[in-house]
Amino acid sequence: MNKKIAVLAGDGIGPEIMQGTLRVLNVIAQKFNHHFEYLEGKIGGQAYEIYRSHCPVETLQICHDADAILFGSVGGPVNEQHLAKWKNCELNSILKLRQHFNLNINIRPIKVYPALITSSPLKAEVIHQGVDYLIFRELSGGLYFGQHEQFIADNRRSAKDECIYLEEQILSIAHAAFKAAMLRTKKICSVDKANVLATSKLWREVFNETAKTYPEVQLTHMLIDNCVMQMIINPCQFDVVVTENMFGDIISDLAAALPGSLGLIPSVSLNKEGRGLYEPSGGSAPDIAGKGIANPCAQILSAAMMLRYSFGMNTEAAIIEKAVQTIFAEGIVTKDLLRNQEKWVTSTVLINALIANINKH
Ligand code: IPM
Ligand code: MG
């Protein structure tokens, strides 16, 4: 297959982990006779330096021309001088991309690798039954895209953020999550704050109605405050978790702490036509950028998700995921995953090991 991939490496650790990821993709391409063409675009601080925009039209065009978007990370302006201007300017580049391509479904797989159980901040007895679930986060509505305003009322500084959900937005994520649940253990947990919020009440109604179309799936509802507690005291209970934009932002960081490093969590944001933006869940980690020690796994696993969700290359994706699991079992990990052990490897050594493993198949 021939596929065009928009590569937006960004700043911080983005460029170095992206480079390693493209090495892995090239190995897959060679092995399976695919041709991946990389269309490189500037994003974030890197783009601002050149175009005075964090997400310039040139980059949007590259994304339009591609079959999928592989995103690295953005941390802000490269040049400190731009910081003051940046604060008030346009939408954050990732929000702009989400809005531009109507990306409304975000999926973050949360998995504690058996070989890395000691890297988790949770006790082994809490997670030994296995933590392996998907977070579905609605990405196009709620507080993120309502009006935000600071104003003076009765001589007092005030602010408001509007939270709106349309039925069709809820329906779209509900069907995506139910379909995913059908392929897994047929259990879905919808998270809301229906004891307080009108948007959550509508959310719950729409989920209960949608459940009738999927009689085999067991739908439960959980309030967000209880959910964050359950994710710590009993994370093994979850399989497909689905929630609105802001709650999804919060629980996905909480859940991302469970495997022991943000550097392990990939993600995809999809629109209704199936276009996908693939990105690691972690940030740009400027403190370790350029040191060659960043964990490239989240980026590599995001590329594997791209092969599966955008290109239908399930075997190729599975080979990458299996290889990641295997090298962890062999004790090959980057520094971020260490709790007690002393031995860690650089990003390049980890990628070499991964490629050697992929080549064994
Ligand atoms: C995420 C991030 C973004 C969000 C930020 C960078 C706007 O935290 O992808 O989870 O809030 O959605
Ligand atoms: Mg977030």
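How many salt bridges does the structure hold? The structure, which is a predicted model, holds ten salt bridges. The points below take up several of these, then the aromatic rings, a polar site in a loop, a surface patch and two backbone angles.

1. **E279 and R98.** A salt bridge joins the side chains of E279 and R98, with an N to O distance of 3.6 Å. E279 belongs to the loop between β12 (276-278) and α11 (297-309), while R98 belongs to helix α5 (residues 93-100), so the pair ties together parts that lie 181 residues apart in sequence. Both partners are out of reach of the probe to the extent that the label requires: E279 is buried, and R98 is buried as well.

2. **R184 and D132.** The side chains of R184 and D132 also meet in a salt bridge, at 3.9 Å from N to O. Here R184 is placed in the loop between α7 and β8 (187-192) and D132 in strand β5 (residues 132-138), so parts that are 52 residues apart in sequence are tied together. R184 counts as partly exposed because its relative accessibility is 30%. D132, with a relative accessible area of 39%, is likewise partly exposed.

3. **R137 and D249.** In the salt bridge between R137 and D249, the closest N and O atoms are 3.7 Å apart. R137 lies in strand β5 and D249 in helix α10 (residues 245-256), so this pair ties together parts that are 112 residues apart in sequence. R137 has a relative accessibility of 2% and therefore counts as buried. D249, at 27%, counts as partly exposed. As for shared partners, salt bridges join D132, R184 and D239 into one network.

4. **Charges over rings.** R137 has a further role in the description, since R137 lies over the face of Y144, at 5.2 Å from the ring centre. A second arrangement of this kind involves a lysine: the charged end of K160 sits over the ring of F151, and the distance to the ring centre is 5.6 Å.

5. **Aromatic pairs.** The count of aromatic pairs comes to seven. In the pair of F178 and F207, the ring centres are 6.2 Å apart and the planes stand at 35 degrees, so the pair is tilted. This pair links distant parts of the chain, with F178 in helix α7 (residues 167-182) and F207 in helix α8 (residues 198-211), 29 residues apart. Both F178 and F207 are buried. Ring pairs also connect these two residues with others, as Y165, F178, W203, F207 and Y214 are linked into a cluster.

6. **T334 and its polar contacts.** Is T334 buried or exposed? T334 counts as buried because its relative accessibility is 0%. T334 is located in the loop between α12 (314-329) and α13 (347-359). The side chain of T334 makes a polar contact of 2.6 Å with the side chain of D336. Another polar contact, of 3.4 Å, joins the side chains of T334 and N295.

7. **A nonpolar surface patch.** Which residues form a nonpolar patch on the surface? The patch is made of M229, I232 and I233, which together have about 270 Å² of accessible area. I233 is part of helix α9 (residues 224-233). With a relative accessible area of 51%, I233 is exposed; the label applies because the cut-off for exposed is over 50%.

8. **Positive phi at R52.** R52 has a phi near 60 degrees, a positive value in a residue other than glycine. The residue is found in the loop between α2 (45-51) and α3 (57-65). R52 is partly exposed, with a relative accessible area of 47%.

9. **Positive phi at N102.** N102 is not a glycine, yet its phi is positive, at about 50 degrees. N102 is placed in the loop between α5 and β4 (105-111). At 53% relative accessibility, N102 counts as exposed.

Definitions and conventions
Residues are numbered from 1 along each chain as its sequence is written. Chains are lettered from A and ligands numbered from 1 in the order in which they are written. This is a predicted model: local features need pLDDT of at least 70, side-chain atom pairs count only at pLDDT 80 or more; totals for chains, interfaces and linings use all residues. Side-chain values use heavy atoms; hydrogens and water are left out. Rings of Phe, Tyr and Trp (its six-membered ring) pair if their centres lie within 6.5 Å; planes under 30 degrees apart count as stacked, over 60 as edge-to-face and the rest as tilted. Helices (H or I, at least four residues) and strands (E, at least two) are DSSP runs, numbered from the N terminus. Buried means under 20% relative accessible area, exposed over 50%, partly exposed in between (1.4 Å probe, protein chains only). A charge sits over a ring if NZ of Lys or CZ of Arg is within 6 Å of the ring centre and within 35 degrees of the ring normal. Patches are made of residues with over 30% relative accessible area and no salt bridge: like charges are joined within 9 Å, nonpolar side chains (Val, Leu, Ile, Met, Phe, Trp, Tyr) within 5 Å. Accessible areas come from the Shrake-Rupley method with a 1.4 Å probe; for residues, only the protein chains shown count as cover. A salt bridge is a side-chain nitrogen of Lys or Arg within 4 Å of a carboxyl oxygen of Asp or Glu. A polar contact is a pair of N or O atoms within 3.5 Å; within protein, one must be able to donate a hydrogen and the other to accept it, and residues adjacent in sequence count only if both atoms are side-chain atoms.
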